[in-house]
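Work through the exercises below with the structure open. Each task is followed by a stepwise solution.

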Amino acid sequence: MTLDRATRAARIGEILEAHFPSPAIPLDHGDPFQLLVAVILSAQCTDARVNLVTPALFERAPDASAMAKLTAAQLLPYIRTCGLAPGKAKALAGMARILVDKHAGAVPRDMEALEGLPGVGHKTASVVMVQAFGVPAFPVDTHIHRLAGRWQLSRARTVEEVEDDLKRLYPEERWNLLHLQMIYFGRAHCPARGHDLAACPVCSWAMSAARAREERIQNTGKPVRTKPRARRGR
């Protein structure tokens with residue numbers, strides 16, 4: 001039986017709640033500023049790697065005022081093992097100076113102001129609003145983008161479209177928790193490649209047959225032949 005999108009979303013929400021009822025914030029931090037730094041560093045880098053580099057970084061520059069006194073070159077050694085480190089070092093230095101100059105050293109509780117900071121896009125700003133201030137938002141990263149497409153919750157053409165679709169499907173009071181539940185579930189049960197579709201608690205029933213075929217092709221790197229190739233004459 002084919003489920004409509006709303007019914008599918010409700011069932012998926014129940015599964016996520018059963019698997020991860022109280023997901024922890026994956027990035028270690030002590031306050032909104034440190035969270036903002038960690039989220040900037042997490043772009044194209046694992047949360048585990050970020051959590052390895054931030055203790056030394058926060059010991060040297062625990063707040064915006066301290067970080068604003070450092071140059072990108074001085075910040076780089078602390079974050080060198082994170083992806084895109086030179087650009088991130090420059091963004092962190094610029095971000096800290098703007099916080100000191102324009103926001104009295106505090107992280108603004110405002111999406112537009114956050115998105116105006118170096119290294120901060122819509123997703124990063126949404127994460128800070130959710131995890132630092134508890135303001136309802138539905139941050140969509142590449143993982144949630146992929147899951148929404150797999151699970152037929154969105155046509156998943158753009159991150160913005162996925163965010164709008166998920167916000168329509170779920171009540172606002174669940175957004176903050178759901179985005180973490182989806183991240184943790186994706187890591188545990190729904191990886192990008194090498195995914196066992198039949199064993200996944202959601203993909204096994206929520207993914208379309210067409211998407212499943214595409215996934216199998218992508219995971220093998222080439223289409224799977226269903227018939228033996230005819231032998232050529234010599």
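**Exercise 1.** Is Cys200 buried or exposed in this predicted model, and which cysteine sulfur is nearest to that of Cys200?

*Solution.* Start with accessibility. Cys200 has a relative accessibility of 2%, so Cys200 counts as buried. Next, look for a partner. The nearest cysteine sulfur belongs to Cys203, 3.7 Å away. A disulfide needs the sulfur atoms within 2.5 Å. Cys200 is therefore in no disulfide.

**Exercise 2.** Repeat the test for Cys82, then state how many disulfides the model has.

*Solution.* Cys82 is buried, at 4% relative accessible area. The nearest cysteine sulfur is that of Cys45, at 3.8 Å, and Cys82 is in no disulfide. The count for the model is zero disulfides.

**Exercise 3.** Check the length of helix 1, residues 5–19.

*Solution.* Take the 15 residues at 1.5 Å a residue. The expected span is 21 Å. The end C-alpha atoms lie 21 Å apart, so the two values agree.

**Exercise 4.** Which residues of helix 1 are buried, and what do they pack against?

*Solution.* List the buried residues: Arg8, Ala9, Ile12, Gly13, Ile15 and Leu16. They cover an arc of only 165° around the axis, so they sit on the same side of helix 1. The general rule helps here: an α-helix has 3.6 residues a turn, so residues three or four places apart point the same way. Now find the partners. The buried residues of helix 1 pack against helix 10 (159–169), helix 11 (172–189) and helix 12 (203–206). Glu14 and Ala18, on the other side of helix 1, are exposed.

**Exercise 5.** Which backbone nitrogen does a side-chain oxygen of Asp4 reach at the start of helix 1?

*Solution.* The backbone nitrogen is that of Ala6, and the Asp4 oxygen comes to within 3.1 Å of it.

Key
Residues numbered from 1 in each chain as written. Predicted model: local features only at pLDDT ≥ 70, side-chain atom pairs only at ≥ 80, totals over all residues. Heavy atoms only, no water. Helix = DSSP H or I, 4+ residues; strand = E, 2+ residues; numbered from the N terminus. Expected span 1.5 Å × (residues − 1). Buried < 20%, exposed > 50% of the residue type's maximum accessible area, 1.4 Å probe, protein only. Arc of directions from axis to C-beta. Contact = heavy atoms within 4.5 Å. Polar contact = N/O pair within 3.5 Å; in protein donor to acceptor, adjacent residues only side chain to side chain.
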